[in-house]
Amino acid sequence: MASASPQTPTAPLRVPHAQGLYDPAYEHDACGVAFVADVAGRRSHRVVERGLDALCRMDHRGARGAEPNTGDGAGIMIQIPDAFCRGVAGVELPPAGAYATGLAFLPDDDGDADRAKAVFEKYALVEGARVLAWRDVPVDPSEVGASAVAAMPRIVQVFIAAERLTDTAAERLTDTAAERLTDTAAERLTDTAAERAGRAGAQLSGIELDRVAFCVRKQTERETRERGIDVHFPSLSSRTMTWKGMLAPDQLPVFFPELLDPRMDSAIALVHSRFSTNTFPSWPLAHPYRIIAHNGEINTIRGNRNWVAAREALLASKDIPGNIRRLFPVCTPGASDSANFDEVLELLHLAGRSLPHSVLMMIPEAWENDTTMDPARRAFYQFHACLMEPWDGPAAVAFTDGTVIGAVLDRNGLRPGRWWHTADGLVVLASEAGVLDLDPATVVAKGRLQPGRMFLVDTAAGRIIEDDEIKAELAAQEPYDNWLHAGLMQLSDLPPREHVVYTHDSVQRRQQTFGYTEEELKILVGPMARVGAEPLGSMGTDTPVAPQSQRPRLLYDYFTQLFAQVTNPPLDAIREELVTSVSSTIGPEGNLLDPTPASCRQIVLPYPVLDNDELAKILSVDDDGDMPGFKAVRVSGLYPVRDGAAGLKARLVEIMRGVSEAIEDGVRVLVLSDRDSNVDLAPIPSLLLTAAVHQHLVREQTRTLVALLVESGDCREVHHVAVLIGYGAAAVNPYLAFESVEDLIATGALPGISPEKAIKNYVKSLGKGVLKIMSKMGISTVSSYCGAQVFEAVGLAPDLVERYFTGTSSKIGGVGLEEIAAEVGARHAKAYPANPAERSHRRLEVGGEYQWRREGEVHLFNPETVFLLQHATRSRQFDVFRQYTAKVDGLAAEAASLRGLFEFREGERPPVPIDEVEPVSEIVKRFATGAMSYGSISAEAHTDLAIAMNRLGGRSNTGEGGEDVQRLYDPARRSAVKQVASGRFGVTTEYLVHSDDI
């Protein structure tokens, strides 16, 4: 047994920095979580033992590295074991609850460890706390894998106590956030602080002590991080304590032998077994954190982090002493999604809300479309939706403050959870059944976690509190319904404005400016306006990615959507419509930690797409000067085209400076517009303009003071709307698309429908399309999707991405402002040709993105390649097939795909002798087809793939569509791999038994 980690060079405590294809921003978990609790609050070592037993039963829910004895992470959180702490502290401790303690992960280097302790002690002194003792925690790494040992920190335990300071928040509440508060709110904070100042010198305990410990910990973490010293506090509290590490479940009590001490008692035990999905495990990323243990992923994490950072400027709390700015950033840079969730939840709780209240703010149930929900509960959720967006994604979150312990599921219920209550007062909740051996005869109640529902045990009250009771109590705390009735405004209730119709020539000139093609009007815009749905197409594309194209491409084309993967399922936006929402609110936000009736003074937008008349309503909302809280201004996104990239960059700087000044002048709705371009002024790409302003305001921490709307001429597809929302737009007005629809009707190209109906259909199709894209990433609400940045840049330069699309992945590099300005200039030149004679003969380009056209985009499958492929297969001439492959490979290398640019680097390594290489006949036995189902390909193609794989000795996959029964009994045509997926299509016992692999 050792008291500290070995004195050998160690790997960093943190996960690696971004390198190659790895980015720590993508740290996610898929794990097992469980808790054991005595309902009556009776402390015992038996509860701890059962928690450890449950943890070991979830070994399969975690993961191990290449070394079987290196785990991804395991941990346990219990109540402070007072008797144990008194026995090991080495000093006399204050009464239980009047001291805070926790483990600290320090650097193995003696000098860095001493410096870390000194920083902690400095901030403890500043915050009125006393460090009572430090002690080395005995650990036994004998069974831990080499990788975990190499990264193992020095593990110590610290004890602190604190008294109330005399210079409380009344004297120190002078930061910017306080100054931004209303007079009434500032007076309320000051009065409360003054009352507390009257008890100066009193010993703090419970949550008040935890607030001081929180302040000490946050400042220590920030300074040590800035100084390059790796420090992490798994917990620091007077109520709970966490033991965790880069361990497998069965290693936890071996590594921390003190967990087996009979004095280690508790009425609760929260445990977690971590599975790090495609990411690096590390000691700090193990769960539980300070409040939660999380099974799942936060798909909107980048947006959530940005919004938290933007809200920091307005934060102030009567409960957290002193200038709250010293505790920023709220979200630790580089931490995982679970860690950031825990940090925000901790802040909400310590700032005065109950733990269930705080959890339901971050993970609300699906209230938007539930017509049967109690109106008071609905008002509770609607009010808090004005304060912050949901942290969306598949999640089962278990939480505790040392008195209550509970769990909640996301609105979709995409994580399992079951619970049991026994006659002797034991409650067990876990990711699955069987974590403890319970006698069924003793089980008095059992159930499962349900979507959006909370399960809560209150050990102080000695009972399980039902979900309805929890939410009814929270809903009754304030008159939320009255606040909403007085504060919210419906977009439809705003006074109408004059509708403007533009001439055909005006519309066509602007269509050329923004790169419209005849194909887009025919295949996309027209059908969407006619039927109210996005046109359907086959999967995939054979055209070049944007940076490879020889044609001017819109900036949207450089972004691809991310998709749910690994353990993170997408949603079925049709069957699960109840849990989705495309509505949102716009307007300035207030102090998240001290909401008032004014916090919901906002405009409700039923859709993320605004037609031209609706945008005119919003722009004119304060024309009479009676609604200054919604003062709106249009920001022109045009730049002098002759100045190229330099002019574009200078104009962006000018715009960012201008929007900051507008916010200072009281503007609360910014409409970023590319209208009114002319021969001298070209439009900045709407996406670049939106992302640049959004990121600028996030950095300035003024983003939550304004709503960002985008009046866009280049936006016409669902993907365009989705990217704009993903990079910060609250709503999008694709004005030129609407004007194009009206023009199609006026010219007879879109007969049999009125302009009003066509516009309504077009809005509907864009909204449904955005919902479909959100669902692919497992995101349910537009408010969560706004600013979430769930995209990857393909072909954009890193410096461009870092400046304007901060936090977006761009793995291959690519073009910068020079090329973007050149593409804008090329489109502008088409609309405003130098030769005046050409202007009267303007026509839109044919297109060729979706269908091959001689003068259009390059396609891998074109008349020549299709002819060669058909001729080769029909005539069985291998030389013709080689012509086909040479032609396709040449096109791929020339323009069509990134894959075509790869070349073998010869001479780097000595060649492998051919006699050491397996024969082709053996290699092909490892071939397997993708899971392509009936419907995605024809029955003939599906059968031929199976025949080919069977002849080679490989395996074909049926896909989700099942398999013809007759093929099951034919060894030549049978697919070896049978897919189950949702189990809805052709999955029978007969189907399954005729498989080699399921």
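**Exercise 1.** Is Arg46 buried or partly exposed? Decide this, and then describe the salt bridge that Arg46 forms.

*Solution.* The model is a predicted one, and the reasoning below applies to that model. Begin with the accessibility: Arg46 has a relative accessible area of 43%, and since buried means under 20% and exposed over 50%, Arg46 is partly exposed. Next, look for the partner, which is Glu49, whose side chain meets that of Arg46 in a salt bridge of 3.7 Å, N to O. Glu49 is likewise partly exposed, with a relative accessible area of 33%. Finally, place the pair in the fold: both residues lie in helix α1 (residues 45-57), three residues apart, which is about one turn of the helix.

**Exercise 2.** Work out which parts of the chain are tied together by the salt bridge between Arg311 and Glu389.

*Solution.* First take the contact itself, in which the two side chains of Arg311 and Glu389 meet at 2.7 Å, N to O. Arg311 belongs to helix α10 (residues 301-311), whereas Glu389 sits in the loop between α13 (375-385) and β9 (395-400), so the pair ties together parts that are 78 residues apart in sequence. Then check the surroundings: Arg311 is buried, with a relative accessible area of 4%, and Glu389 is buried as well, at 5%.

**Exercise 3.** Describe the salt bridge between Lys471 and Glu365, and name the network to which these residues belong.

*Solution.* The side chains of Lys471 and Glu365 meet at 2.9 Å, N to O. This pair links distant parts of the chain, 106 residues apart, with Lys471 in helix α14 (residues 467-475) and Glu365 in the loop between α12 (355-362) and α13. Lys471 counts as buried at 2% relative accessibility, and Glu365 counts as buried at 5%. The last step is to widen the view, since Glu365 and Lys471 are linked with Arg377, Arg453, Asp467 and Asp468 in a network of salt bridges.

**Exercise 4.** Explain why strand β1 is described as largely enclosed, and identify the strands with which β1 pairs.

*Solution.* Start with burial: seven of the seven residues of β1 (residues 32-38) are buried, so the strand is largely enclosed by the rest of the structure. Now separate the two faces, where Gly32, Ala34, Val36 and Asp38 point one way and Val33, Phe35 and Ala37 the other way. Turning to the neighbours, β1 pairs in the antiparallel sense with β7 (residues 268-273) over six bridges, and Val36 has Ala269 as its bridge partner there. β1 also pairs in the antiparallel sense with β12 (residues 426-430), over five bridges, and in β12 the partner of Ala34 is Ala430.

Notes. Residues numbered from 1 in each chain as written. Predicted model: local features only at pLDDT ≥ 70, side-chain atom pairs only at ≥ 80, totals over all residues. Heavy atoms only, no water. Buried < 20%, exposed > 50% of the residue type's maximum accessible area, 1.4 Å probe, protein only. Helix = DSSP H or I, 4+ residues; strand = E, 2+ residues; numbered from the N terminus. Pairing = 2+ DSSP bridges. Salt bridge = Lys/Arg side-chain N within 4 Å of Asp/Glu carboxyl O.
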